[in-house]
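Trainee: I would like to go through the pockets of this predicted model. Where should we start?

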Amino acid sequence: MPAQEEVSVSISNSVISRDGAPAVARRKVTVLSKRQRKVRNALVAYSFIAPNFLGFAVFTLGPILFAFALAFMHWDGSNAITFAGLDNFWRLFEDKAFIAAFWNTIIYTAASVPATLLCALGLAVLLNQKIVGRNFFRTAMFFPYVASLVAVAVVWNMIFNPEMGPVNMILYTLGLDPKNMPGWSADRHWAMVTVILFGIWKNMGYYMVIYLAGLQGINSELYEAANLDGANSWQKFIHVTVPQLGPTTFFVTVMLTIQSFKVFDQIFMITQGGPGTSTLVLVYHIYNEAFTSWDLGYSSMISLVLFFLVLAVTVFQFRRQRQDEA
């Protein structure tokens, strides 16, 4: 026998009078098929997500698609848009600023991601212990992430001031020759180091909180079993803590990588891409081309390259994670 179709029933009362007899209340039954019920439920669900999706479509998806199309156009924001074909793409290979920005972005990402990850993990492990003032230190480590970037950048420039900053004062006290003092953000050889240190310091508190959540989710019985086997603290960290934090580490790595590729604000506040092009990164180069030179087509092409670069790195990380889990 065919399977019975699932139905939904809605009931309403009606009053019927028959041959002068008293009115009798009867029920009117409306039967909805399974397909109709699914359509109705879907409409209800879409009505809830429609406002958010419309905002995303208008303010995010639309501009992204327009930027992809604009990458193959010439436009200065005021004159008519003209088709450029692949001219903007071939121009990338002749643009020394783009090449410098590309490699600076790679260097920043390669240096800041593992360093921030290790600092965040180390802080999380330390502040997960029962130590005096633990809550205070957790708050102090997280504070740079939520503090105003402008205020934090000003303080950072004061700390690393080449002439009167406390960092160079400490180095001088330790016996370093003043001629060999690092110039930090004012020196093209030290500017990228300054920016990387700033990024690590500002972001490690946020990822420390994520690692703390991961540490508190580890089953304590695993540490008890390791104690019975005679494992020391380092062995428990390597063979219990690190494997159990695998999903957390993967999440942190992906988020840090994406964040590092699109770094802009701290570059803008500390070095403005200088000295020269020593700290010029892709997003700051996009900003210069779009809102200083008003070459919106070329800046969109750089954005397109950055998009596919981030996409390729992210896909690689996900595939590597799947291979490790297999």
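Mentor: Start with the lining of the second largest pocket, which by class has five nonpolar, six polar and one charged residues.

Trainee: What makes K236 a lining residue of the second largest pocket?

Mentor: A lining residue has an atom within 4 Å of a point of the pocket. K236 is listed in the lining, together with residues including V125, N128, Y223 and F237, so K236 meets that cut-off.

Trainee: Which class does K236 fall in, and why?

Mentor: Lys counts as charged, so K236 is charged. The lining has one charged residue.

Trainee: Which elements give two or more residues to this lining?

Mentor: They are α7 (191-216), α8 (220-228) and α9 (233-244). The most comes from α9, with four residues. The volume of this second largest pocket is about 320 Å³.

Trainee: What is the volume of the largest pocket?

Mentor: About 570 Å³. Among the 21 residues of its lining, I64, A67, I286, S303 and L304 are the closest to the centre.

Trainee: Why is I64 counted as nonpolar and S303 as polar?

Mentor: Ile is on the nonpolar list, whereas Ser is on neither the nonpolar nor the charged list and therefore counts as polar. By class, the lining of the largest pocket has 17 nonpolar, three polar and one charged residues.

Trainee: Which element supplies the largest share of that lining?

Mentor: α13 does, with eight residues. At least two residues each come from α1 (34-70), α10 (246-261), α12 (282-291) and α13 (296-325).

Key: Residues numbered from 1 in each chain as written. Predicted model: local features only at pLDDT ≥ 70, side-chain atom pairs only at ≥ 80, totals over all residues. Heavy atoms only, no water. 1 Å grid on protein atoms, 1.4 Å probe; cavity = no way out; pocket = protein on both sides within 12 Å on 5 of 7 lines; lining within 4 Å. Points joined across faces, edges and corners; volume = space filled by probe spheres on them.
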